[in-house]
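Welcome, and thanks for taking a look at this one with me. Below are some numbered notes to read with the structure open beside you.

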Amino acid sequence: MKQEMEGTSPRILVIIPAYQERRSIGGVVRSLRQRYPYDVLVVNDGSTDRTSESAREAGATLLDLPCNLGIGGAVQTGFLYARDRGYDVVVRIDGDGQHEVEDIPKILEPILAGRADAVIGSRFLGETEYRGSIPRIFGIRFFRFLVNLTTGFRVTDPTSGFFAIDRHLVEFYSDHYPSDYPEVDAYILMHRLKARAVEVPVRMYDRAEGKSSITAFRAVYYMLKVTLSFLINRIRRFG
């Protein structure tokens, strides 16, 4: 990446998938635009509130999906946009205020320096103020074990939605991004592509607005479903 972009400024896109985030999305977009020169794309995943209007008023480029595709479909839509417009690096963050936009340079640095193809922000490296629910923490630990055991990636935060990827992964994920709860599956795909993936410490907070949908029952369902998908992706062929 460093050699490819030598002599030019890399084109960087920040993708924010958003569903029913009208109270927080505007603040996230404004914070990004005040701090960085990066393009900001909000993918409105079929929200029925004012998510779309709030994002547009804050200065984001907006893609309105006609129905709710889920997080994987929304993020993949952003990758398609980035691929078709020739972006060099994509950063993905949440629209609910959980991710600290001031940590974006730490996410980007290993890719821009040519040391990584993917960088994942971990809430468990270094000092952290993150306090998740018991089902969420249990799920994170389970998937940490699964990823480490089956791929050799020594990850601490396999469900992190705060990451950056280079152009080659953007192109691949534009066609092959997991549709439901995608972050864990994305690790096995990185492993199969022999991508250089690293983690960096970032700050994450509880949701600024709204309520998490992850209950104890949904956590168990999530673990079973993603484990099955994870195992399928280990043997799946990509044309």
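1. Let's begin with helix α4, where I104, I107, L108, P110 and I111 are buried. These residues cover an arc of only 160° around the axis, so they lie on the same side of α4. A general point helps here: an α-helix has 3.6 residues a turn, so residues three or four places apart point the same way. Please keep in mind throughout that this is a predicted model.

2. What do the buried residues of α4 pack against? Their partners are the strands β1 (12-18), β4, β5 (118-122), β6 (163-166) and β7 (197-201), together with helix α1 (25-35). After α4 comes G114, and its phi is positive, near 80°.

3. Now step back to the whole protein chain. Its secondary structure comes to 8 helices and 7 strands. Of its 239 residues, 53% are buried. If you take the contacts between residues at least 6 apart in sequence, 76% of them join residues at least 24 apart.

4. Y38 leads us back to α4 from another direction. You will find Y38 in the loop between α1 and β2. Its relative accessible area is 18%, and because buried means under 20%, Y38 counts as buried. Leaving aside residues up to four places away in sequence, Y38 touches I12, V14, I104 and L108. Y38 and R11 are 27 residues apart along the chain, yet 7.6 Å separates their C-alpha atoms.

5. H99 deserves a stop as well. This histidine is found in the loop between β4 (89-92) and α4 (104-112). Is H99 buried or exposed? With a relative accessible area of 9%, H99 is buried. Its side chain reaches the backbone nitrogen of D94 at 3.0 Å. Again not counting residues up to four places away in sequence, H99 touches R92, I93, D94, G161, F162, R203 and M204.

6. Next, the nonpolar cores. The largest one has 33 residues, and L13, F79, V90, I165 and Y173 are those with the most contacts inside it. Elements that give two or more residues to this core include the strands β1, β2 (39-44), β5 and β6. Helices are on that list too: α3 (71-84), α5 (134-151), α6 (167-175) and α7 (182-193). Which element gives the most to this core? That is α7, with 6 residues. There is also a second, separate core of 31 residues, which includes V89, L108, V200 and V202.

7. L189 is worth picking out in helix α7. At a relative accessible area of 1%, L189 is buried. The C-alpha atoms of L189 and P178 are separated by 9.4 Å, with their positions 11 residues apart along the chain. L189 is also among the residues that Y173 touches; the others are Q76, F79, I165, A186 and M190, not counting residues up to four places away in sequence.

8. The aromatic rings make a good next topic. A pair of aromatic rings is described by the distance of the centres and the angle of the planes. With ring centres within 6.5 Å as the cut-off for a pair, the count comes to 7 aromatic pairs. Take Y81 and Y87: their ring centres are 6.5 Å apart and their planes are at 20°, so this pair is stacked. Both partners are buried, Y81 at 14% relative accessibility and Y87 with a relative accessible area of 5%.

9. Why is the pair of Y173 and Y177 edge-to-face? The ring centres are 5.1 Å apart and the planes are at 75°, and planes over 60 degrees apart count as edge-to-face. Y173 and Y177 are both buried. Together with F79 and F172, they form one aromatic cluster.

10. Finally, look for two arginines that sit over rings. The charged end of R11 is over the ring of Y87, 4.2 Å from its centre. R144 lies over the face of F124, and here the distance to the ring centre is 5.4 Å. When you view R11, recall that Y87 is also the stacked partner of Y81.

Conventions:
Residues are numbered from 1 along each chain as its sequence is written. This is a predicted model: local features need pLDDT of at least 70, side-chain atom pairs count only at pLDDT 80 or more; totals for chains, interfaces and linings use all residues. Side-chain values use heavy atoms; hydrogens and water are left out. Rings of Phe, Tyr and Trp (its six-membered ring) pair if their centres lie within 6.5 Å; planes under 30 degrees apart count as stacked, over 60 as edge-to-face and the rest as tilted. Buried means under 20% relative accessible area, exposed over 50%, partly exposed in between (1.4 Å probe, protein chains only). A charge sits over a ring if NZ of Lys or CZ of Arg is within 6 Å of the ring centre and within 35 degrees of the ring normal. Helices (H or I, at least four residues) and strands (E, at least two) are DSSP runs, numbered from the N terminus. A polar contact is a pair of N or O atoms within 3.5 Å; within protein, one must be able to donate a hydrogen and the other to accept it, and residues adjacent in sequence count only if both atoms are side-chain atoms. Contact means heavy atoms within 4.5 Å. The arc is that of the directions from the helix axis to the C-beta atoms. A nonpolar core is a set of buried Ala, Val, Leu, Ile, Met, Phe, Trp, Tyr and Cys residues joined through side-chain atoms within 4.5 Å.
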